[in-house]
Amino acid sequence: MGVGLDIQGDVAEAVAQAATPNALCRFAIRTYGCQMNVHDTEKLTNLLLHEGYSPVADEEQADLLVINTCSIREKAENQLYSDLGKLREWKARQPGRILGVGGCVAQQEGQTVLRRFKHLDFLFGTHNLRVVPAMLRAAAQGERLSRTEETRSLKRFDFPERHPAYTGLQPSRAYLTVMEGCDMFCSYCIVPKTRGREISRPAESILAEARHLAEQGIEELILLGQTVNAYGRHDVKRGRTESVGTMSFAALLGRLAEIPGINQLRYTSPHPLFFDDELIEAHRDIEALCPHVHLPLQSGSDSILESMKRRYSVRDYLEIVTNLRRVRPDINISTDVIVGFPGEQEDDFEATLAVMREAAFVDSFSFKYSERPDTTALDLSGAVAPSVMQERLERLQDVQRELTLRAHGSRIGDETLVRLEGESRKGQGQWRGRDPYHRVVNLDVPANNEIYAPGTRVAVEIVDATPHSLIGELKDRLNTGYLAGNLAQELLTIV
Ligand code: 5AD
Ligand code: SF4
């Protein structure tokens, strides 16, 4: 039995001799956190399918359970410890079960977690997804391994093509990693520690994956990166894009939009500092680029932005909003805001509310500041009392509700395209989908009609609005123009 050593060198080699895993092994993955984590889970699922494992929805049926963790706030990190405590019984109920932990907490805490939880079999960091199959073989032999070292190798972007049995989370939409890591070191944020240094993936590798996805029926790509629009910035600055194989982010968007079959492009999350004119113009020139940008603001007070080390002012931020609206008047902008950052006074908070109104955000994710290990904000004075944080969060969310309702109300009468996702929570023939602005649209869809499948885009008129979603009505029951391939041709002939 191993003792939780962090193996240096290649785990794949170290465990190559181990027996192959049981081909009937069933696995489940619990995922916490952001889209990058969701996409890491997708990558891991695909890897495990290639290894002969099969996914199960019910953890009770699983022989292997992986927890893909998030550590952005303390509460997310604590979730892991609570899960692991409860999973002692899961593990004991069936001998031979394997339990693994990956993601940001694994990267942050490393072997400490393996030492503390004896029923945990293996642990892997955010750069080590590719070695999980090898670690599993070792775990099946009773080894307890952890692998968390950071790599700058571009191989970290290489994953096998989608396994025939792989079904993405959403038909016709897919995540696509373009860069990873973050070099910004905002004073509150643990991400530079958990995801490592910024690195851009070669454009040819991104385009090849996009082409392959398009051939498999993917129409919408969601480009992912911790500071996604920083893509290629170092190479552009040093004039070495050709030798390194990157390009500017806006140029990458242009190339992706040229791929036959790709009709919608989104990206998350951009940083205001890298929102250059070329990217603004891309929103004017690239038809496939959706008229929605999620642009984290964090605070509407210059002095707080400075102590957050965000490297832009409120004026810089609002200038981006104005320029985006100039080129795309209908654009929807959403944001992230932190309340209760150390030193935040009532007038700083009120400045945030004022910026929210001025930017007229369609939506926002708001968080109470949470202290994270090894971040420079820990040295700041002026802690805000929990009750004040709570009160500010509620006030901010009230303002957002009002802004969202106003934005939604202004959409009534609009005609838009909605990509169907599936039945809405309400069920009873009601479906839910998303429009190009990333708003949820609920609508009635005729039952047992193969035209209306998840992933299809349909023409819709917005007829009503709530603070959470829009209500739509199908415009054109056949929607032939929006159907792909033969079915569209067939219907066009009939019509
Ligand atoms: N406390 C609270 N919120 C945080 N975020 C990042 N770090 C912290 C923290 N320490 C928020 C930011 C970021 C979003 C993903 O999470 O708003 O944009
Ligand atoms: Fe965290 Fe700032 Fe990097 Fe975003 S830009 S991941 S908030 S350090």
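**Exercise 1. The open sheet**

Task: In this predicted model, find the open sheet that 6 strands form, and state in which order they stand and which kind of pairing they show.

Solution. Step 1: reading across the open sheet, the 6 strands come in the order β2-β1-β3-β4-β5-β6. Step 2: their pairing is parallel. Step 3: the edges are taken by β2 (54-55) and β6 (145-147). Each of these has a single partner strand, so one side of each lacks a neighbour in the sheet.

**Exercise 2. One pair of strands and the helices on the sheet**

Task: State how many bridges join β1 to β2, and which strands helix α2 lies across.

Solution. Step 1: strand β1 covers residues 26-31 and is joined to β2 by 2 bridges. Step 2: within this parallel pair, Ser54 of β2 has Arg26 opposite. Step 3: helix α2, made of residues 35-50, lies across β1, β2, β3 (64-69) and β5 (122-124). Its direction is at about 170° to β1. Step 4: helix α3 (residues 74-93) also packs on the sheet, where β1, β3 and β4 (98-103) are touched. The angle between the directions of α3 and β3 is about 175°.

**Exercise 3. The barrel**

Task: Identify which strands make up the closed barrel, and describe how β15 and β18 run where bridges join them.

Solution. Step 1: the closed barrel has 5 strands, β15-β16-β17-β19-β18, and its pairing is mixed. Step 2: with direction ignored, neighbouring strands are turned against each other by 55° on average. Step 3: β15 (residues 415-423) and β18 (residues 457-465) run antiparallel, with 5 bridges between them. Step 4: Val460 in β18 stands opposite Thr416.

**Exercise 4. The shell of ligand 1**

Task: List the residues around ligand 1 and sort the shell by class. Then give the distance from Tyr188 to a nitrogen atom of the ligand.

Solution. Step 1: the residues around ligand 1 are Ile72, Arg73, Tyr188, Gln298, Asp336, Ile338, Phe367, Lys368, Tyr369, Ser370 and Arg372. Step 2: sorted by class, this shell holds 5 nonpolar, 2 polar and 4 charged residues. Step 3: two strands, β13 (332-339) and β14 (363-368), each supply at least two residues of the shell. Step 4: a backbone N or O atom of Tyr188 is 3.0 Å from a nitrogen atom of ligand 1. Step 5: the side chain of Gln298 has an N or O atom 2.7 Å from an oxygen atom of ligand 1. For Asp336, a polar side-chain atom lies 2.7 Å from an oxygen atom of the ligand. Step 6: on its own, ligand 1 has 400 Å² of accessible area, of which the protein covers 87%.

**Exercise 5. The shell of ligand 2**

Task: State how the residues of the shell around ligand 2 divide by class.

Solution. Step 1: the residues around ligand 2 include Cys182, Cys186, Cys189, His271 and Arg310. Tyr188 is also one of them, and Tyr188 is found around ligand 1 as well. Step 2: the shell divides into 8 nonpolar, 2 polar and 1 charged.

**Exercise 6. Backbone angles**

Task: Locate Ser269 and Ser172, and describe the backbone at each.

Solution. Step 1: most peptide bonds are trans, and most residues other than glycine have a negative phi. Step 2: the bond between Thr268 and Ser269 is cis, with omega about -10°. Ser269 is in the loop between β11 (264-268) and α12 (277-285). Step 3: Ser172 has a positive phi, near 75°. Ser172 belongs to the loop between β6 and β7 (173-177).

Notes: Residues are numbered from 1 along each chain as its sequence is written. Chains are lettered from A and ligands numbered from 1 in the order in which they are written. This is a predicted model: local features need pLDDT of at least 70, side-chain atom pairs count only at pLDDT 80 or more; totals for chains, interfaces and linings use all residues. Side-chain values use heavy atoms; hydrogens and water are left out. A residue is near a molecule or strand if one of its heavy atoms lies within 4 Å of it. A polar contact is a pair of N or O atoms within 3.5 Å; within protein, one must be able to donate a hydrogen and the other to accept it, and residues adjacent in sequence count only if both atoms are side-chain atoms. Accessible areas come from the Shrake-Rupley method with a 1.4 Å probe; for residues, only the protein chains shown count as cover. Helices (H or I, at least four residues) and strands (E, at least two) are DSSP runs, numbered from the N terminus. Ala, Val, Leu, Ile, Met, Phe, Trp, Tyr, Cys and Pro count as nonpolar, Asp, Glu, Lys and Arg as charged, and the others, Gly among them, as polar. Two strands pair if DSSP finds at least two bridges between them. Contact means heavy atoms within 4.5 Å. Axes are lines fitted to C-alpha atoms, for helices over the stretch in contact, and angles run from 0 to 180 degrees between N-to-C directions.
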